Amino acid sequence: MRPPRRRAWLLEPDEPLLLSRGPVHALARVSAQMAEWGLGQDELFWSPLIGVALPRRPVLSTLAPPHCYGPRLKPEALWNPLLWLPVEVATPADGEELEDWTARVGIELVAAGIYDQATGTWLDVSSLLEAGELTADRARAWLEGGPDPELDHLTLPWADADLGPEWARAVVRDHWGSYVLMSICLWAESVVDEITDLLRNNDQDIALYLDMLVDVAGPWLARAPTEAGGDAVWWTGPARHASAMEVLERARDLRAKLEPWLQAALRDQDQTARA
């Protein structure tokens with residue numbers, strides 16, 4: 001069997017899959033995914049805890065991915081492994097929150113070699129086929145119900161199966177606090193950078209852009225612990241009417257106050273990894 005191909009898609013070399021870089025990057029990538037896949041925003045779930053959005057398998061669907069995503073799915077998108085996740089990966093487990101699920105899927109994708117951080121590339125599903133190419137016509141015919149035994153039985157090479165389905169959920173539980181802290185720090189830094197650029201360029205649409213930035217980033221920055229300098233009330237209320245400079249200063253101050261907590265979380269992770 002020929003070695004599988006890989007494709008660059010959305011992420012950059014050395015960019016981790018866990019933790020998105022900031023609200024602007026997240027929105028841009030969700031928009032790109034909707035355009036490439038043909039799915040609507042309500043059919044994707046994105047979180048600051050992962051660098052790309054995940055397709056949401058309909059709760060009541062009895063179909064496995066990718067058939068479960070319906071007729072709007074573009075056949076050209078079927079090279080993408082996120083559309084072929086095993087059912088137990090593509091669906092949150094009982095009691096698993098959506099944000100926990102996104103982090104868990106991110107961990108499994110890296111462990112399985114589906115996403116490679118060093119190169120920023122993804123497994124090209126079409127290269128797993130032995131009989132012919134995965135052309136748009138072939139993919140369309142299969143999605144519309146046509147016979148194709150090879151596509152019917154196509155599965156991703158999933159690693160660490162011997163660890164059981166709970167192993168990635170356990171990793172998320174053990175490191176949840178660290179993930180959230182690191183993500184909030186990244187987003188606070190991103191807000192500072194975005195507003196700094198806006199003020200430097202004297203953009204005439206700064207008010208509209210600022211509203212978008214606060215609407216997207218505010219609820220996540222509001223999750224910073226109060227004892228670490230977080231202010232949920234401000235980020236989900238007055239921030240929507242604040243000046244660009246005030247939002248910038250608040251984000252910068254939050255990032256500075258979170259630094260000791262972040263360093264402690266990183267030390268705990270390092271000690272856990274060495275144990």
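**Entry 1: α1 against α6**

I began with the packing of α1 on α6 in this predicted model. The axes of the two helices, α1 and α6, come within 8 Å and cross at roughly 90°. I therefore recorded α1 as roughly perpendicular to α6, since crossing angles of 65 to 115 degrees are classed that way. I then listed the residues that make the contact: α1 contributes P23, V24 and A26, and α6 contributes W187, S190, V191 and E194.

**Entry 2: α1 itself**

I next looked up the dimensions of α1. The helix runs over residues 23-37, which gives 15 residues. From first C-alpha to last, α1 reaches 21 Å, close to the 21 Å expected at 1.5 Å a residue.

Which residues of α1 are buried? I found P23, A26, R29, V30, Q33 and W37. Viewed down the axis of α1, these buried residues fall within an arc of 130°, so they line one face of the helix. I noted that P23 and A26 are among the buried residues and also take part in the contact with α6.

I then asked what the buried residues of α1 pack against. The partners are two strands, β2 (44-45) and β3 (54-55), and two helices, α6 (167-201) and α7 (206-221).

Finally, I checked what follows α1. The residue is G38, and its phi is positive, near 85°.

**Entry 3: α4**

I repeated the inspection for α4, which spans residues 136-143. Here I recorded R138, A139 and W142 as buried. Seen down the axis of α4, the buried residues occupy an arc of 95°, so they too line one face of their helix. The elements covering the buried residues of α4 include α5 (149-152). After α4 I found G145, whose phi is positive, near 105°.

**Entry 4: the sheet**

I turned last to the strands. In what order do the strands of the open sheet stand? I read the order as β1-β5-β4, with 3 strands and antiparallel pairing. The edges are held by β1 (6-8) and β4 (115-116); each has a single partner strand, so one side of each is left without a neighbour in the sheet.

I examined the pairing of β4 with β5 in detail. Strand β5 covers residues 121-123 and pairs with β4 in the antiparallel sense over 2 bridges. Looking up Y115, I found that its bridge partner in β5 is W122.

Definitions and conventions: Residues numbered from 1 in each chain as written. Predicted model: local features only at pLDDT ≥ 70, side-chain atom pairs only at ≥ 80, totals over all residues. Heavy atoms only, no water. Helix = DSSP H or I, 4+ residues; strand = E, 2+ residues; numbered from the N terminus. Expected span 1.5 Å × (residues − 1). Buried < 20%, exposed > 50% of the residue type's maximum accessible area, 1.4 Å probe, protein only. Arc of directions from axis to C-beta. Contact = heavy atoms within 4.5 Å. Pairing = 2+ DSSP bridges. Axes fitted to C-alpha atoms, helices over the stretch in contact; angles between N-to-C directions. Parallel < 35°, antiparallel > 145°, perpendicular 65-115°, else oblique.
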